[in-house]
Amino acid sequence: MTGQTRPILAITMGDPAGVGPEVVVGALAQRRVREACRALVIGDARTLRMASEVLGRRFRPRVIQDVEEMESCTSAVCLLDLQNADPDEIPLGQVSRAAGLAAAAYIRQAVELAMAQHVAGIVTAPINKEALRLADVPYAGHTEMLAALCGADRVAMMLVHGDMVVSHVTTHVPLRKACDLVKLARVLEVIRLTDEAVRRMGVARPRIAVSGLNPHAG
């Protein structure tokens, strides 16, 4: 693919105190990843620089101020630097409100770009749910936050690997509460969502297996 035909993907840096920055740097160090897309990292240049030093990688993205600069960007990786994760204020490996606020800001920016069709998709690095709570972000995780920001009232988490697709009836809740949430209406909703998604993937007549809550499925 040429530079212009490769999709622009917004890649959020994740929690700046966690493994997210290292995951992003490590992934974009791979040639096949850079050749598959035009990467727009949304994060903090200082934190990413530290991550590249830890990994021993040469990570030199082009820093841009606006997504429109991607059109003239010849670099394989660009960075939208929000300058909101000062390493002196967000120690590595420590849960904090500041880290939660920064991680949430990256997600919001990525969704804004996607909703405006400036990027073809979003890739998210790991976040810390405790840090989000400290930052008063009212979502259990990526799924719930993305649904709210996109205004989606029907949503389910889907995992895809090769030909295998798995959709979750519940997410991010204790097992005891999960049992209470497995209701007929919710199960049917996830089945319908999965059917719609798999058809969009090109499967004409999807076959969906539904696992039982208890070993006897009774």
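**View 1. A nonpolar surface patch around Val166.** Patches here join residues that each have over 30% relative accessible area and no salt bridge, with nonpolar side chains linked within 5 Å. In this predicted model, Leu159, Met164 and Val166 make up such a nonpolar patch on the surface, and together they show about 270 Å² of accessible area. Val166 sits in strand E7, which covers residues 164-167. Its relative accessibility is 35%, so Val166 counts as partly exposed.

**View 2. The largest pocket and its lining.** Here we look into a pocket with a volume of about 830 Å³, the largest one. It is lined by 30 residues, and those closest to its centre are Ser167, Ile208, Ala209, Val210 and Ser211. Strand E7 appears again in this view: E7, helix H7 (175-181) and helix H8 (184-200) each contribute at least two lining residues. The top contributor is H8, with five residues. Sorted by class, the lining of the largest pocket holds 21 nonpolar, seven polar and two charged residues.

**View 3. The second largest pocket and its lining.** This pocket, the second largest, encloses about 710 Å³ of space. Among its 25 lining residues, Leu146, Val155, Ala156, Met158 and Arg200 lie closest to the centre. Helix H4 (97-115), strand E5 (121-124), helix H6 (142-150), strand E6 (158-161) and H8 each give two or more residues to the lining of the second largest pocket. You may recognise H8 from the previous view, where this helix supplies five residues to the lining of the largest pocket. The lining of the second largest pocket comprises 16 nonpolar, six polar and three charged residues.

Technical notes:
Residues are numbered from 1 along each chain as its sequence is written. This is a predicted model: local features need pLDDT of at least 70, side-chain atom pairs count only at pLDDT 80 or more; totals for chains, interfaces and linings use all residues. Side-chain values use heavy atoms; hydrogens and water are left out. Patches are made of residues with over 30% relative accessible area and no salt bridge: like charges are joined within 9 Å, nonpolar side chains (Val, Leu, Ile, Met, Phe, Trp, Tyr) within 5 Å. Accessible areas come from the Shrake-Rupley method with a 1.4 Å probe; for residues, only the protein chains shown count as cover. A salt bridge is a side-chain nitrogen of Lys or Arg within 4 Å of a carboxyl oxygen of Asp or Glu. Helices (H or I, at least four residues) and strands (E, at least two) are DSSP runs, numbered from the N terminus. Buried means under 20% relative accessible area, exposed over 50%, partly exposed in between (1.4 Å probe, protein chains only). On a 1 Å grid over the protein atoms alone, a cavity is a set of points where a 1.4 Å probe fits but cannot get out, and a pocket is an open set with protein on both sides within 12 Å along at least five of seven lines; lining residues have an atom within 4 Å of a point. Grid points are joined across faces, edges and corners, and a volume is the space filled by probe spheres set on the points. Ala, Val, Leu, Ile, Met, Phe, Trp, Tyr, Cys and Pro count as nonpolar, Asp, Glu, Lys and Arg as charged, and the others, Gly among them, as polar.
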